[in-house]
Amino acid sequence: FSGTGPPPVITCPVTTLEPGENTTCTGTYVTTQADVDSGAILNTAVATGTPPIGPPVNSPPSSATVTIESAPGIALNKSASPANVSAAGQTVTYSYAIVNTGNRTLTSVGATDTAFSGTGTPPVITCPVTILAPQEATTCTGTYVITQADINAGAVLNTAVATGTPPDGPPITSAPSTATVTATELPS
């Protein structure tokens, strides 16, 4: 049994069989996240019985495989605080809210800026958590110092994607998310 949870407890409605008779025993199992991440559960069993004379007999082994659909997913919602600036030297904090929207654990979770219109040094993104189970979330952050050229341009646009790696297969990427910081020059 390759499952990572408690194995099934098998119950048989009939425990005495005449020649040619049969019965169907059953057992239930609750899948774990580790099972979903592995992609399959293999269960091999043998039937046993004791004849009136002689030692117990065993059937040849029989296996059943449960295949678990792989559906990794990741989503990103990017925001900026403050959303409005008025002078060079102000610091903007970008938040990259990442959610594992799939059914498999993701590792190497992070965010990457794919487009940035700021004229200063782009944000360095840090993520407090880089492994997300399904439906878990983390928020990465990065800061940026507004320049006078940004104020003159009127806005700073920052677009990012989130990425994560499922247990097998290539890394996955979220849809892009953009945060806009509006720059307003104060009247002199």
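Okay, let's start with a pair of strands: β8 and β10, residues 155-165, run antiparallel and share 7 bridges. Before going on, keep in mind that this is a predicted model. One pair to look for on your screen is A115, which stands opposite T159 in β10.

Now stay on T159, since it has a partner in another strand too. Over in β12, T159 has T178 as its bridge partner. That belongs to the pairing of β10 with β12, residues 177-183, where 6 bridges join the two strands in the antiparallel sense.

And what joins β10 to β11? That would be 2 bridges, again antiparallel, with β11 covering residues 172-173. Here G164 stands opposite I172 in β11. How many residues sit between β10 and β11 in their hairpin? There are 6, and G169 in that turn has a positive phi of about 90 degrees.

While we're on positive phi, let me show you two residues that are not glycines. S108 has a positive phi of about 55 degrees, and it lies in strand β8, residues 107-116. So is S108 buried or exposed? The cut-off for exposed is over 50%, and S108 comes out at 53% relative accessibility, so it counts as exposed. The other one is Q135, with a positive phi of about 70 degrees, also without being a glycine. You'll find Q135 in the loop between β8 and β9. At 57% relative accessibility, Q135 is exposed as well.

Next up, the sheet with β5, β7 and β9. These 3 strands make an open sheet in the order β5-β7-β9, with antiparallel pairing. Which strands stand at the edges? Those are β5 (74-81) and β9 (137-145), and each has a single partner strand, so one side of each is left without a neighbour in the sheet. From one strand to the next, the twist averages 20 degrees. As a reminder for anyone who doesn't do this every day, strands of a sheet pair through backbone hydrogen bonds, either parallel or antiparallel.

Let's zoom in on β5 and β7. Strand β7 is residues 91-100, and it pairs with β5 over 8 bridges, antiparallel. If you want one spot to click on, take L76: its bridge partner in β7 is I98.

Two residues of β7 are worth a stop. The first is V92, which lies in this strand. The cut-off for buried is under 20%, and V92 has 0% relative accessibility, so it counts as buried. The second is N100, also placed in strand β7. Is N100 buried or exposed? With 0% relative accessibility, N100 is buried. And what does its side chain reach? It gets to the backbone oxygen of A133, at 3.4 Å.

Right after β5 there's something for the proline fans. The peptide bond from S81 to P82 is cis, with omega near 0 degrees. P82 has its place in the loop between β5 and β6 (84-85).

Okay, over to the pocket. The largest pocket has a volume of about 1,100 Å³. Of the 35 residues lining it, the closest to its centre are I10, C12, C25, V46 and A47. Which elements give two or more residues to that lining? They are β1 (40-45), β2 (48-49) and β4 (62-67). If you're thinking about chemistry, the lining has 19 nonpolar and 16 polar residues, and no charged ones.

Two of those elements also pair with each other: β1 and β4 run antiparallel over 6 bridges. Within that pairing, T44 has S63 in β4 as its bridge partner. As for how covered β4 is, the answer is hardly: of its 6 residues, the count of buried ones is 0.

Last topic, some distances across the model. C25, one of the residues closest to the pocket centre, is 64 Å from V92, C-alpha to C-alpha, with their positions 67 residues apart in sequence. Then there's P55, which sits in the loop between β2 and β3 (57-58). P55 is exposed, at a relative accessible area of 61%. Its C-alpha is separated by 71 Å from that of T114, and the two are 59 residues apart along the chain.

That's my tour, so over to you for questions.

Technical notes: Residues numbered from 1 in each chain as written. Predicted model: local features only at pLDDT ≥ 70, side-chain atom pairs only at ≥ 80, totals over all residues. Heavy atoms only, no water. 1 Å grid on protein atoms, 1.4 Å probe; cavity = no way out; pocket = protein on both sides within 12 Å on 5 of 7 lines; lining within 4 Å. Points joined across faces, edges and corners; volume = space filled by probe spheres on them. Helix = DSSP H or I, 4+ residues; strand = E, 2+ residues; numbered from the N terminus. Nonpolar A, V, L, I, M, F, W, Y, C, P; charged D, E, K, R; others polar. Pairing = 2+ DSSP bridges. Axes fitted to C-alpha atoms, helices over the stretch in contact; angles between N-to-C directions. Buried < 20%, exposed > 50% of the residue type's maximum accessible area, 1.4 Å probe, protein only. Polar contact = N/O pair within 3.5 Å; in protein donor to acceptor, adjacent residues only side chain to side chain.
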